[in-house]
Amino acid sequence: MSKWFNGIGNDNDVVLFSKVRLARNLNDTPFKSRMSKDIKKSTVKKLYASIKNSSLAGDFNLVDLAENSDIKAISYAEKQYISPEFAKEKGSFLISHNEDVSIMLCEEDHIRITAFASGFDTEGAYKLADNVDNVFIESLPIAFDEKLGFLTASPINIGTGLKVSVALHLPAIKSNGGIARLSSMVGKLGLSLRPLYSENGAFYLLTNQVSLGLTEKSAIDNINAVTVQIIRQERNLRDVMKNSEAWEDKLYRSMGTLKMARRLEFSEFIELISDVRLGIALGFFNTDIGVIGSLIHTLANGTVLSDEDSEDEPELAPKLRAKIIRENLN
C-alpha cells in the first residue's frame, strides 16, 4: 500500500503536508501524570478495544514500543507519528496501514489523534482525525464541559483540543529575509511559524495556537486563509529567482551533490533537498516531487537505520542515506 507521504497534493510547490491533531480524555480516569501503572495499562486496553470493536478495526495496527528497539521508537517520532517523549516512555499507539493516522494512547492526554494529508489539505486531514474521534466519543465517556469544551491535560488545549498545522517550503521568503516578519505577523493572528527541521533548509510549520472559543471550522478556515497568503507571497518572490543565474547555479550544485555524495548527514541533506525542491518548482528539474517528499520523510537517522536493518551501527547512517538518495535521483 502506498504511504501518505508518497503523494503530491494541492499546492505542492509550497506545501509539503497538512496535519491535524485532536486531544481527548476520559472523564472517569485521572490524567496520565496522576495514573498508576495499573490504571494506565487498563486505560490503554480500554482505548484499544474501542477501536478494535469499531468499523475502523481493520484500518489500524497496535504498536507496543516496549517490544521495539530504541531506534525504531525514534523513527516513529522522526515521522511525527508520536512525540519524542512518548518514544522514550515506550508506550503504545495505533497506526493506520498507510500511516496517515496515528493515535497515541496515554501520552500527555489519554487520546492524541494525529492525521496527515499530502499538500494543502487541512480539511482532508481533519476528516481523517474526526472519523477516529467519533469512534471514541460514541463508545467512551469523553471529558467535555458545556462552557469550556473538551478538557485536556494542558490548559492551552482546552476547547476544541485541535491543532492544525501546514508544513511550508519557503526558500524565497527566507532568502529575502522575510521569515522573522512573517512569524511576527502570524503570531498576531494566533498562529505560530517555526522551523520544521531545526534551522536546516527552508521548511516551516504553521500552527494555530488558540483552541478555546473557536469552532473546529473557524480554526481551519483561519489557518487556510493565512496559508493562501503565504503561498502567494512565496510564489511572487520565486518569480524573480527564475531568471537568476546565481540561483540556477546554486540549485544545480545541490542536485549534483545529492546525486554524487557518498556520505550525507541529515542536516546537510535537508539543506540540499530544500534547494532541489525549489529547483523542481522553478522548472529546472523534472524529478517527481513525490519522491522528494518521501526522501524528506524517511531519511532521518533513526528511520534510515531501522529501515536498513542497521540499528546497531549508527555510524552507517550518512552512508546509507547517500546511497538511498543516489538510487532515487539518478
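## Helix 2 and the residue after it

In this predicted model, Q80 comes just after helix 2 and takes a positive phi of about 70°. Q80 sits in the loop between helix 2 and helix 3. Most residues other than glycine have a negative phi. Q80 is a residue other than glycine, and its phi is a positive value.

Helix 2 itself covers residues 70-78, and its buried residues are I71, A73, S75, Y76 and A77. These buried residues pack against two strands and two helices: strand 2 (60-64), strand 3 (92-96), helix 3 (84-89) and helix 11 (301-307).

## A second positive phi

S198 also has a positive phi, near 55°, in a residue other than glycine. The loop that holds S198 runs between strand 9 (191-195) and strand 10. Is S198 buried or exposed? S198 has a relative accessible area of 55%, and because the cut-off for exposed is over 50%, S198 counts as exposed.

## T303 in helix 11

Helix 11, one of the elements packed against helix 2, contains T303. The relative accessible area of T303 is 0%, so this residue is buried. Leaving aside neighbours within four places in sequence, T303 is in contact with S75, E78, K79 and T298. Of these contacts, S75 is among the buried residues of helix 2, and T298 is among the buried residues of helix 10.

## Helix 10

How many of the ten residues of helix 10 are buried? Eight are, so helix 10 (residues 289-298) is largely enclosed by the rest of the structure. The buried residues are I289, G290, I292, S294, L295, I296, H297 and T298. The cover over them includes strand 1 (15-24) and strand 10, together with helix 9 (266-281), helix 11 and helix 12 (317-329).

The N-terminal end of helix 10 is capped by D288. A side-chain oxygen of D288 lies 2.8 Å from the backbone nitrogen of G290.

## S211 and the stretch it touches

S211 is found in the loop between strand 10 (203-208) and helix 7 (216-241). Its relative accessible area is 3%, so S211 is buried although it lies in a loop.

Which backbone oxygens does the side chain of S211 reach? One belongs to N157, at 3.3 Å. Another belongs to I158, at 2.9 Å. Beyond its neighbours within four places in sequence, S211 is in contact with I156, N157, I158, G159, T160, G161 and L162.

## Y126 in helix 4

Y126 lies in helix 4 (residues 122-139). It has a relative accessible area of 19%, and buried means under 20%, so Y126 counts as buried.

Apart from neighbours within four places in sequence, Y126 is in contact with V20, L162, E216 and I220. L162 is also on the list of residues in contact with S211. Y126 and I220 are 94 residues apart in sequence, while their C-alpha atoms are 8.7 Å apart in space.

## N176 between two helices

N176 is found in the loop between helix 5 (171-175) and helix 6 (179-187). At 48% relative accessibility, N176 counts as partly exposed.

Not counting residues up to four places away in sequence, N176 touches R181 and L237. N176 and L237 are 61 residues apart along the chain, and their C-alpha atoms are separated by 8.1 Å.

## The protein as a whole

The secondary structure comes to twelve helices and ten strands. Among contacts between residues at least 6 apart in sequence, 70% join residues at least 24 apart. Y126 with I220 is one pair separated by 94 residues in sequence.

Why can the overall size be said to agree with a compact globule? A compact globule of 330 residues would have a radius of gyration near 20 Å, and the protein has 21 Å, which agrees. Along the principal axes, the C-alpha atoms fill a box of roughly 65 × 45 × 30 Å.

Of the 330 residues, 54% count as buried. The protein exposes about 15,100 Å², and carbon and sulfur atoms supply 49% of this area. There are 39 positive and 44 negative side chains, and the centres of the two sets lie 2 Å apart.

How values were computed. Residues are numbered from 1 along each chain as its sequence is written. This is a predicted model: local features need pLDDT of at least 70, side-chain atom pairs count only at pLDDT 80 or more; totals for chains, interfaces and linings use all residues. Side-chain values use heavy atoms; hydrogens and water are left out. Helices (H or I, at least four residues) and strands (E, at least two) are DSSP runs, numbered from the N terminus. Buried means under 20% relative accessible area, exposed over 50%, partly exposed in between (1.4 Å probe, protein chains only). A polar contact is a pair of N or O atoms within 3.5 Å; within protein, one must be able to donate a hydrogen and the other to accept it, and residues adjacent in sequence count only if both atoms are side-chain atoms. Contact means heavy atoms within 4.5 Å. The radius of gyration is taken over C-alpha atoms; the globule rule is 2.2 Å times the number of residues to the power 0.38. Accessible areas come from the Shrake-Rupley method with a 1.4 Å probe; for residues, only the protein chains shown count as cover. Lys and Arg count as positive and Asp and Glu as negative; His and the chain ends are not counted. The place of a charge is taken as NZ of Lys, CZ of Arg, CG of Asp or CD of Glu.
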